[in-house]
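Hi everyone, thanks for coming. Have a look at the model on the screen while I talk.

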Amino acid sequence: MTSTEALEDLAREASARRRPLLARGNQRRSASDLHDVIWRSIWEEPQVEPMAEDLLVTASAGVTITHLNAVLQPYGQWIPYQSPDGIDDTLGAVLGMGLDSIWRAGYGSLPDRVVALKVWTPALGTFDLGAKVVKNVAGFNLLRLFLGSRATFGIVLEATLKVSPIPRAQARWVWTQTLDQTPQTLERLLRPGKSWAYVLGQGTPENYAVWAEWHGYPAMVEQLAHSLGPMTTTDLTPNAVGPAITGAIPRSHLPQWAREAGTRMLLEWQTGWFWLPVDDGQEDAWIAKVRALGGIAVATHGDRMHMKGVDASTSALVSRLKAQLDPQGILGAWDE
Amino acid sequence: MNSQEWTQELKTIVGVPYVIEDPVLLDSYGTDGYTLEKARPRAVVLPADREQLSSVIGCLYAAGIPYVARGAGTSLSGGAIPLDRAVVVHLSRMHQIRSVDWYNRVAYCEPGVVNRRLSDALVSKGYYYAPDPSSQQACTLGGNVAENSGGPHCLKYGVTLNHIRQLEVVWPYGEIGILGSLADYAAPVDFRSLMVGSEGMLGIVSGIWARIMELPEERATTMALFDDVSDASHAVSAIIAAGVIPAALELMDRLAIEAVERGVYRVGYPLDVAAVLLIEVDGPGPEVQAEQEIIADILKTCGAREIRVPLSSAERELWWANRKTAFGAMGLLAPRYYVQDGVIPRARLPEALDTIGRIAKEYGIRIANVFHAGDGNLHPLLLYDDQDEEMVRRVRQAGSDILRMCLDFGGSITGEHGVGLEKMEELRWQMSDAAIEAQWALKRACDPKQLANPKKVLPVGSTCVAEVSWNETENNLL
């Protein structure tokens with residue numbers, strides 16, 4: 001029995017009993033993680049198929065990012081994803097939950113890497129979306145429906161992603177300053193035509209640490225060292241594992257958001273991406289604050305899709321889609 | 001609501017001059033860049049702003065009249081052809097760049113803004129809009145969003161989808177909605193991304209917040225001439241495999257070179273050259289120099305006969321003008337040309353070009369190749385005479401065979417031109433019935449009456465047979 005067949009058996013049973021079906025990852029993001037019915041079903045080894053010449057890789061949803069990057073490393077390639085809380089997520093969890101990482105500025109967003117998916121929906125079974133090439137506009141961009149929607153419409157079984165070359169040189173600098181000085185620091189760092197791999201900030205307004213990492217060629221690193229001074233070997237300290245929200249804020253609101261969110265937030269100043277540990281049960285309140293600033297945020301734990309505050313028209317669209325792809329409502333959950 | 005009633009209502013909304021009913025004028029809206037089909041709309045309406053657009057769509061929804069949005073009509077897959085005698089909603093009056101938010105690096109534009117005009121408006125401040133379809137002098141941002149357009153410089157910076165932060169959309173029932181946000185993050189249900197590339201079938205975009213980028217510190221273009229097109233395509237694979245992602249990596253073969261050298265922007269290519277590669281890298285100075293050195297080494301190893309760098313920015317502009325007018329230059333070789341658009345894995349470029357050569361011989365037609373080699377996006381240009389019906393038939397079949405080849409190689413039937421009217425049948429080759437039905441689910445959720453751009457993109461699936469009749473469609477073709 002393949003893992004997909006196992007999943008379909010589970011789904012039939014869930015459907016017959018009208019019980020919910022949860023997809024689980026490595027269960028590090030609370031008790032109800034997503035997307036590893038596949039790997040945990042143990043009928044199959046985690047599958048990774050690099051397409052090195054095309055800078056693509058296909059992997060089953062239960063593969064962890066660490067395992068994926070270990071397979072890609074001999075080809076000089078990687079998927080730039082690193083969770084600030086140190087959890088080694090499965091690929092399915094990252095994609096299904098709509099997470100992203102500190103490398104977003106230098107390497108683009110994770111959803112933009114996904115070129116093909118194999119998904120399973122209760123109404124239509126298993127099917128492929130997209131194509132295993134870097135460019136494709138055949139049909140609607142439907143794979144995006146399954147990224148970030150927490151298995152509400154279907155379960156991601158496999159994904160094909162663009163990979164990045166491992167940079168020939170990388171170097172990191174760190175400064176401690178006040179929060180108010182950070183926008184000027186950013187202006188000093190930015191180079192037209194290429195972003196830093198990250199420019200991250202964290203701390204109190206008076207004692208605010210900024211880490212900046214460049215990925216590129218040795219000659220550039222030399223030039224930066226000449227202008228910025230000595231590099232650091234200090235690593236970022238992972239946040240504690242626990243409830244958090246992640247997302248992005250428009251750049252114009254970053255200083256305000258940095259003050260409002262407090263000292264535990266890790267903020268990427270080029271893109272407005274952030275990771276904010278919050279008290280258990282406070283996710284909705286913080287997500288609402290992000291929306292009020294024109295941003296978007298999701299919880300880093302749990303299988304519930306946070307839809308509070310979404311306009312009625314969008315909510316109605318979601319319901320109509322749900323009715324067609326999961327008519328018995330055995331998958332996922334969202335607050336209407 | 002009868003025909004007179006809804007046309008009267010449209011005139012009340014937009015003003016009498018902006019509803020076109022004259023059959024001669026209507027025929028000029030009957031086709032787009034895909035010249036193999038045409039159809040006459042029942043009317044053309046030109047709203048001036050989103051409120052008028054919303055009222056127009058509300059009126060058509062109430063009357064049950066199908067409609068199709070039109071920008072500049074440059075679609076190469078028939079996306080703007082009004083099947084089912086759809087009303088054409090022409091967005092040319094909505095052409096304002098409303099504002100530029102420099103801090104958030106976003107330009108808020110109406111859908112009728114011409115692509116190139118946006119970059120022209122930004123360049124004095126050191127910014128630009130990255131997606132640059134070859135038709136950028138004419139095509140509009142609304143059309144780019146509908147088709148998820150690409151272009152030569154999308155290899156490094158991504159296609160339209162990667163440059164849209166937020167959209168304002170008029171849903172098929174007339175309501176206005178906002179999708180996405182100015183923050184660079186996808187919503188849990190990412191309708192913004194679903195709307196991009198939906199070919200006007202899910203709603204009409206009335207406002208676009210496009211990401212703008214700083215002009216790179218340096219830009220370096222290299223031209224490489226090859227005696228063998230296979231060597232050129234090997235060089236493409238080698239550059240990517242070396243971990244260098246150029247801003248653009250374009251290839252033209254011998255027949256394409258012959259055409260562009262007859263055109264306005266002549267570069268002076270040797271007439272016996274088999275292929276030209278144009279490679280552009282950009283970024284901070286030291287990075288650009290490092291990548292140029294790597295590329296030069298690869299080009300030599302792969303047997304480039306000559307490597308040139310431009311002596312001035314004017315020369316660089318000439319090279320790009322030469323490349324971007326390649327499609328039009330085909331008119332200097334034949335009365336008509338049919339642009340095909342397919343994608344293959346980059347590593348299979350040499351095989352693909354061989355196969356296209358065999359297809360050209362088999363059908364007795366000439367095929368030029370001008371394409372985005374860096375992302376495996378082929379654009380074979382099939383030359384023909386539209387007075388020769390037999391030749392038209394062979395051209396269609398050859399185009400179809402090329403798409404079969406793309407799928408056999410593990411690719412796609414379209415990389416940037418869309419499915420439109422042209423490739424509905426071919427979509428079946430690429431997608432399973434379940435995948436097509438999932439697409440229909442999205443269509444039905446957004447457009448319950450199925451009025452937006454009817455009979456495009458999605459072939460009729462097993463559950464939708466009763467809803468669409470091909471005979472009816474064919475009867476509507478002129």
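I'll go through how chain A meets chain B, and then how the two domains of chain A meet.

Quick housekeeping: this is a predicted model, where local features need pLDDT of at least 70, side-chain atom pairs count only at pLDDT 80 or more, and totals for chains, interfaces and linings use all residues. Residues are numbered from 1 along each chain as its sequence is written, chains are lettered from A and ligands numbered from 1 in the order in which they are written, and side-chain values use heavy atoms, with hydrogens and water left out.

Okay, the chains. Counting contact as heavy atoms within 4.5 Å, chain A brings 69 residues and chain B brings 87. Together they bury about 6100 Å², with 61% of that from carbon and sulfur atoms; buried area is the accessible area (1.4 Å probe) that two parts lose on being put together, summed over both. On the chain A side, A:Lys135, A:Val137 and A:Phe140 supply 15% of the area buried against chain B, more than any other three residues.

How many salt bridges cross between chain A and chain B? Seven, by the rule that a side-chain nitrogen of Lys or Arg lies within 4 Å of a carboxyl oxygen of Asp or Glu. One pairs A:Lys135 with B:Glu416, at 2.9 Å from N to O.

Now inside chain A. The domain bounds, from an automatic or database domain assignment, give domain 1 as 3-165 + 313-325 and domain 2 as 169-299. Their centres, over C-alpha atoms, sit 27 Å apart. Here about 1500 Å² is buried, 68% of it from carbon and sulfur, and the salt bridge count is zero.
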